[in-house]
Amino acid sequence: MHDARYDTVILTRASEDDAALAARLRAGGARVLELPCVRTVPLDDDAPLAAAIGRVGPEDWVVITSRAGADALARAGRFTARVAAVGAATAARLALHGIAASFVPSRAAGAALARELPPARVALLARSDRALPDLHDILRARGFEVREVVAYRTVVGPVGDVAPAREALRTGERVAIYLWSPSALDGLLMGVPRELVAGADLFVAGDTTRAAALSRLGPDAQIATIAEEVMHVTRR
């Protein structure tokens, strides 16, 4: 799991989301810095979420793409729609609330869910106010009536090992940074100078995050896709 080329690996998701990956990296000899760059907060008012979910019928889907979304669905109250979870961790969180996921894709990724979701008339995406468009676009191309509702809010900004991350990047250590969304990159750049981030090797999840990294850091940025092996360690 750990690439011996790197002295330090910076993880930018919440500690809960990256716990398994961090443990594997440390076991392989990496120094791991936990630098969450986004966090989720509940809505002030769940009524619009509850209303949107209540309008979806029993043959259709409510799509949940994170543990935060699972918590929000539980707060929203009763519903009749089937529930799709993006991965095993999200399905497990739903189960803690007494909600069974009727569908989980073969790989914990929004694109996989969108391609594999069994047909229905409506798919309601209950997710962050900063959610990426790929899930919506694939489902719509497949013929779903895609509805969106905000289930929770995402706050951008770094917390945790900000100073150690800056120091590692300044001192010429071999550093890898894992980024799972454009929002995570935006949060990272709020705490770490752009030129330092651009000097690291970046591992990104998906084409949208890659495009954001190239746009913000320039065409010379060293960017690779997060390996399938890592994806399996971090199922959402």
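This passage describes the fold of a single chain, its central sheet, its aromatic pairs and a few individual residues. The model is a predicted one, and the values given below were computed from its coordinates.

The chain contains eleven helices and ten strands. Its radius of gyration is 18 Å, close to the 18 Å that the globule rule gives for 236 residues, so the chain is as compact as a globular protein of that length. When the C-alpha atoms are enclosed in a box along the principal axes, the box has dimensions of roughly 55 × 30 × 30 Å. Of the 236 residues, 49% are buried, and the accessible surface of the chain comes to about 10,700 Å², with 51% of that surface belonging to carbon and sulfur atoms. Among the contacts in the chain with a separation of 6 or more, 62% are made by residues 24 or more positions apart.

Five of the strands form an open sheet with parallel pairing, arranged in the order β2-β1-β8-β9-β10. The edges of this sheet are β2, covering residues 31–34, and β10, covering residues 222–225, each of which pairs on one side only. On average, and with direction ignored, neighbouring strands of the sheet are turned by 25° against each other. At one end of the order, β1 (residues 8–11) pairs with β2 in the parallel sense over four bridges, and T8 has R31 of β2 as its bridge partner. Further along, β8 and β9 run parallel and are joined by four bridges, with I177 having L202 of β9 as its bridge partner. The parallel pairing of β9 with β10 likewise rests on four bridges, and here D201 stands opposite Q222 of β10. This part of the sheet is also accompanied by a helix, since α10 (residues 207–217) lies across β8 (175–179), β9 (201–204) and β10, and runs at about 175° to β10.

The structure holds three aromatic pairs. In one of them, Y6 and F203 are arranged edge-to-face, with 6.0 Å from centre to centre and 90° between the planes. Y6 lies in the segment before β1 whereas F203 belongs to strand β9, so this pair ties together parts that are 197 residues apart in sequence. Y6 and F203 are both buried, and together with Y178 they form one aromatic cluster. Another pair is made by W61 and F103, whose ring centres are 6.3 Å apart and whose planes meet at 65°, so that this pair, too, is edge-to-face. It links distant parts of the chain, with W61 in strand β4 (residues 61–64) and F103 in the loop between α4 (88–96) and α5 (110–116), the two being 42 residues apart. Both W61 and F103 are buried.

Helix α4, which precedes the loop holding F103, has several residues that are shielded from the surface: A89, T90, A91, R93 and L94 are buried. An α-helix has 3.6 residues a turn, so residues three or four places apart point the same way. The elements that cover the buried residues of α4 include α1 (15–27), β4, α3 and β5. After α4 comes G98, for which phi is positive, near 80°.

Two further residues illustrate the contrast between buried and exposed positions. T154 is located in strand β7, which spans residues 145–156, and it counts as buried because its relative accessible area of 16% falls under the 20% cut-off. Apart from neighbours within four places in sequence, T154 is in contact with V38, R39, T40, S128, D129 and R130. In the case of R130, which is 24 residues away along the chain, the C-alpha atoms of the two residues are separated by 6.5 Å. R78, by contrast, is found in the loop between α3 (67–76) and β5 (82–85), and with a relative accessibility of 84% it counts as exposed because this value is over 50%. From C-alpha to C-alpha, R78 and R127 are 18 Å apart in space, and they are separated by 49 residues in sequence.

Notes
Residues numbered from 1 in each chain as written. Predicted model: local features only at pLDDT ≥ 70, side-chain atom pairs only at ≥ 80, totals over all residues. Heavy atoms only, no water. Pairing = 2+ DSSP bridges. Axes fitted to C-alpha atoms, helices over the stretch in contact; angles between N-to-C directions. Contact = heavy atoms within 4.5 Å. Rg over C-alpha atoms; globule rule 2.2 N^0.38 Å. Buried < 20%, exposed > 50% of the residue type's maximum accessible area, 1.4 Å probe, protein only. Areas by Shrake-Rupley, 256 points an atom, 1.4 Å probe, with all protein chains shown as cover. Phe/Tyr/Trp six-rings, centres within 6.5 Å; stacked < 30°, edge-to-face > 60°.
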